[in-house]
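Trainee: Could you take me through one part of this structure slowly? I would like a close look at a ligand and its surroundings.

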Amino acid sequence: MVVLFLSAVDSAADWQAELGRLLPDLELRVWPDLGDPTEIEAALVWRPPPGLLDRLPNLKLILSLGAGVDHILADPSLPPGVPVVRLVDPYMTAAMSEYVQLQVLRLHRQDPAYLEQQRARRWRTLPQPNAAERRVGVLGLGVLGSDAALKLKVLGFDVAGWSRSERKLPGIATFCGADGLEALLRRSEILVCLLPLTPATAGILDARLFGLLPRGAALVNCARGGHLVEADLLAALDGGRLSAAVLDVFRDEPLPPEHPFWAHPRILVTPHVAAATHPPSAAAAVADNLRRLREGRPLLNRVDVSVRY
Ligand code: NDP
Ligand code: OXD
């Protein structure tokens, strides 16, 4: 089977090695070396250029190199009917939960305020509640959001989550749909975004949403930059509506050097590293779906293109 590999950020050599071990008869053809496009049956991609996948007449499967698929579905000429599968890898899930726990603990223990005090050589203790008294809200209770919510619960936080359909998680208050959002927001002193980027969630982190959070709440966005209305965040931080933001993802990546987020005293910027794709573990999930394709068995983690995640 010939599989096209395309990514500006993932290592083709690493994927070649890992997939070669699991599927010795697979040929990984690395973009831009397309060879004979009629031979390509599957494409393993991160941010494919629009129109490229439509040039592969025998394409039977599109595999995302990430958990999100917005980078694939953004292509208006995506070949209709070709299934898209996303990446689900326990290693990646664990990495995301580490990031969320780290950032929520930092915000809970007032790290940003103490850093500001240190810069001003100011010795002052701040009131410090226990985790059980800190209410954390998680937007998105899928593979990543539910794991993060459960691990925050283990740390002792008072956790709630929001999803499109009804979800039940032990020890976690759950809300769903448009009607459930306001209740979730009103109780979230720290809000974590782990939603997929879809037409229904684009720009969700805006002034209206910030206005429903308790005054002084903090935001962690490790989903997509397109969820955030950047000007609204700056206004909310500068006006005191929000106290801090941790941002791993941006509308424009890499974040341009002149962007105001870099130097903002209440924003922590990380370069899209919350949960990087890890070929030694992720290759098993990719190989599994390629075998399923070959054997005509049902694919795993198939995207519902009608809801775009
Ligand atoms: P899943 O598809 O497993 O989960 C998505 C969750 O969001 C589900 O709970 C879903 O609800 C909910 N959701 C979707 N649309 C809506 C809506 N309109 N209203 C309310 N809830 C909604 O995704 P993952 O957990 O695997 O990944 C989430 C995102 O994390 C990815 O799409 C990607 O953008 C981002 N990501 C970021 C990384 C980084 O390094 N920064 C790394 C990996 C992923 P329901 O349960 O009802 O379906
Ligand atoms: C992903 C990502 O979607 O890395 O996996 O953002």
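How do the residues of the shell around ligand 2 divide into nonpolar, polar and charged?

Mentor: Happy to help! This is a predicted model, where local features need pLDDT of at least 70 and side-chain atom pairs count only at pLDDT 80 or more, while totals for chains, interfaces and linings use all residues. Residues are numbered from 1 along each chain as its sequence is written, chains are lettered from A and ligands numbered from 1 in the order in which they are written, and side-chain values use heavy atoms, with hydrogens and water left out.

Now to your question: the shell around ligand 2 has four nonpolar residues, three polar and one charged. Here Ala, Val, Leu, Ile, Met, Phe, Trp, Tyr, Cys and Pro count as nonpolar, Asp, Glu, Lys and Arg as charged, and the others, Gly among them, as polar. The shell is made of Trp46, Gly66, Ala67, Gly68, Met92, Arg224, His272 and Ala275; a residue belongs to such a shell if one of its heavy atoms lies within 4 Å of the molecule.

Next, look at the polar contacts (pairs of N or O atoms within 3.5 Å; within protein, one must be able to donate a hydrogen and the other to accept it, and residues adjacent in sequence count only if both atoms are side-chain atoms). Ala67 uses a backbone N or O atom, 2.6 Å from an oxygen atom of ligand 2. Arg224 brings a polar side-chain atom to 2.7 Å from a ligand 2 oxygen, and for a side-chain N or O atom of His272 the distance to an oxygen of ligand 2 is 2.6 Å. On its own, ligand 2 exposes 210 Å², of which the protein buries 86%; these accessible areas come from the Shrake-Rupley method with a 1.4 Å probe, and for residues only the protein chains shown count as cover.

Arg224 also leads us to ligand 1, since an N or O atom in the Arg224 side chain is 3.2 Å from an oxygen atom of ligand 1. Ser165 has a polar side-chain atom 2.5 Å from an oxygen of ligand 1, and a backbone N or O atom of Leu144 lies 2.9 Å from a ligand 1 oxygen. The protein covers 93% of the 940 Å² of accessible area that ligand 1 has on its own. Around ligand 1 there are 29 residues, and they divide into 16 nonpolar, eight polar and five charged.
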